Amino acid sequence: MFESLSERLGGVFDRLRGRGALSENDVRAALREVRIALLEADVALPVVRDFVEQVTEAAIGQAVLRSITPGQQVVKIVSDALTAMLGSEAVDLQLDVTPPAVVMMVGLQGSGKTTTTAKIARRLREKGRKKVLMASLDVNRPAAQEQLAVLGVQAEVATLPIVPGQQPVDIARRALSAAKLQGFDVLMLDTAGRLHVDQALMDEMKAVASVSEPDEILLVVDSLTGQDAVNVATSFAGQVSLTGVVLTRMDGDARGGAALSMRAVTGKPIKFVGTGEKLDGLELFQPARVAGRILG
Ligand code: GDP
């Protein structure tokens with residue numbers, strides 16, 4: 001569907017072949033192709049601008065001008081810079097605290113928050129051998145609490161019993177004391193999502209964070225929403241101290257540009273990617289792999 005970056009740059013440099021040394025302008029022309037590739041991968045425009053500016057300086061400063069394979073050289077510089085910007089290494093959850101560690105999940109409705117809560121809980125149980133309790137604080141969406149209970153059964157992870165009518169902050173308090181009393185290692189709080197960012201949601205989220213003092217606050221974002229994801233991330237990051245991001249639906253045809261935007265906007269690592277509807281569809285975020293995917 002998309003022309004890969006190597007193909008694009010190959011085209012630029014083919015036209016220049018036989019003309020001797022490359023000029024700074026030739027490199028700038030190549031970087032315009034990088035800009036198009038990033039925009040096609042759905043990276044937010046301001047992020048693309050900053051990135052291309054940085055990389056242009058680097059490319060001109062390095063040996064590209066004298067290189068006999070300038071196309072490959074530029075691709076390497078771009079992909080190294082992209083990987084570095086994406087965080088270089090996978091970052092797992094930091095839960096080495098006196099139990100129960102608290103993980104709070106935030107995001108818009110439909111982002112995949114509830115599914116991701118169960119996926120992470122399952123992973124902690126299986127890989128980390130942790131005893132996990134999940135609680136849904138979503139009292140707005142009909143059956144949200146029941147949905148988490150069903151996922152809990154599938155994931156073989158305990159869920160907090162539902163008390164009809166109880167409000168989110170009180171549910172958080174009850175979950176915390178249940179986790180302490182019953183010796184859980186990790187408590188996962190699935191907060192309510194809304195269709196749009198609104199202040200009532202933000203206030204509720206802040207109140208929940210202040211009673212539960214989470215060790216991790218993960219923002220769940222749908223990678224297919226591209227540019228919109230940036231607005232969501234900006235709003236959430238301005239209200240609570242996010243510790244990381246989860247990008248869902250990376251099994252779809254998103255090129256992964258949202259990863260770069262998220263990282264740039266929140267300054268926080270992308271910790272996981274969702275790769276399917278099933279509970280095993282979760283992977284640690286691998287920056288180099290996603291850089292490759294963005295560049296095509
Ligand atoms: P919430 O409203 O944010 O809690 O969203 P849900 O967890 O209910 O997810 C909404 C839909 O997205 C469900 O049908 C999930 O199965 C699906 N979903 C969540 N994560 C992924 C993912 O990584 N890949 C795919 N293909 N579907 C996902």
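This report covers the ligand site and one buried serine, Ser261, in a predicted model.

## Ligand shell

The shell around the ligand holds 18 residues. Gly110, Thr114, Thr115, Arg249 and Asp251 come nearest. By class, eleven of the shell residues are polar and six are charged. One is nonpolar.

Helix α5 spans residues 113-126. This helix supplies the largest share of the shell, with four residues.

## Polar contacts and cover

Both backbone and side-chain atoms pair with the ligand. Lys113 places a polar backbone atom 2.8 Å from a ligand oxygen atom. Asp251 uses its side chain: an N or O atom there is 2.7 Å from a nitrogen atom of the ligand. Asp251 is also among the residues that come nearest to the ligand. Gly276 contributes through its backbone, where an N or O atom lies 3.3 Å from a ligand nitrogen atom.

On its own, the ligand has 580 Å² of accessible area. The protein covers 82% of that area.

## Ser261

Ser261 sits in helix α10, which runs over residues 257-266. Its relative accessibility is 0%. The cut-off for buried is under 20%, so Ser261 counts as buried.

Which residues does Ser261 touch, leaving out those up to four places away in sequence? They are Asp42, Val43, Ala44, Val47 and Val230.

How values were computed:
Residues are numbered from 1 along each chain as its sequence is written. This is a predicted model: local features need pLDDT of at least 70, side-chain atom pairs count only at pLDDT 80 or more; totals for chains, interfaces and linings use all residues. Side-chain values use heavy atoms; hydrogens and water are left out. A residue is near a molecule or strand if one of its heavy atoms lies within 4 Å of it. A polar contact is a pair of N or O atoms within 3.5 Å; within protein, one must be able to donate a hydrogen and the other to accept it, and residues adjacent in sequence count only if both atoms are side-chain atoms. Accessible areas come from the Shrake-Rupley method with a 1.4 Å probe; for residues, only the protein chains shown count as cover. Helices (H or I, at least four residues) and strands (E, at least two) are DSSP runs, numbered from the N terminus. Ala, Val, Leu, Ile, Met, Phe, Trp, Tyr, Cys and Pro count as nonpolar, Asp, Glu, Lys and Arg as charged, and the others, Gly among them, as polar. Buried means under 20% relative accessible area, exposed over 50%, partly exposed in between (1.4 Å probe, protein chains only). Contact means heavy atoms within 4.5 Å.
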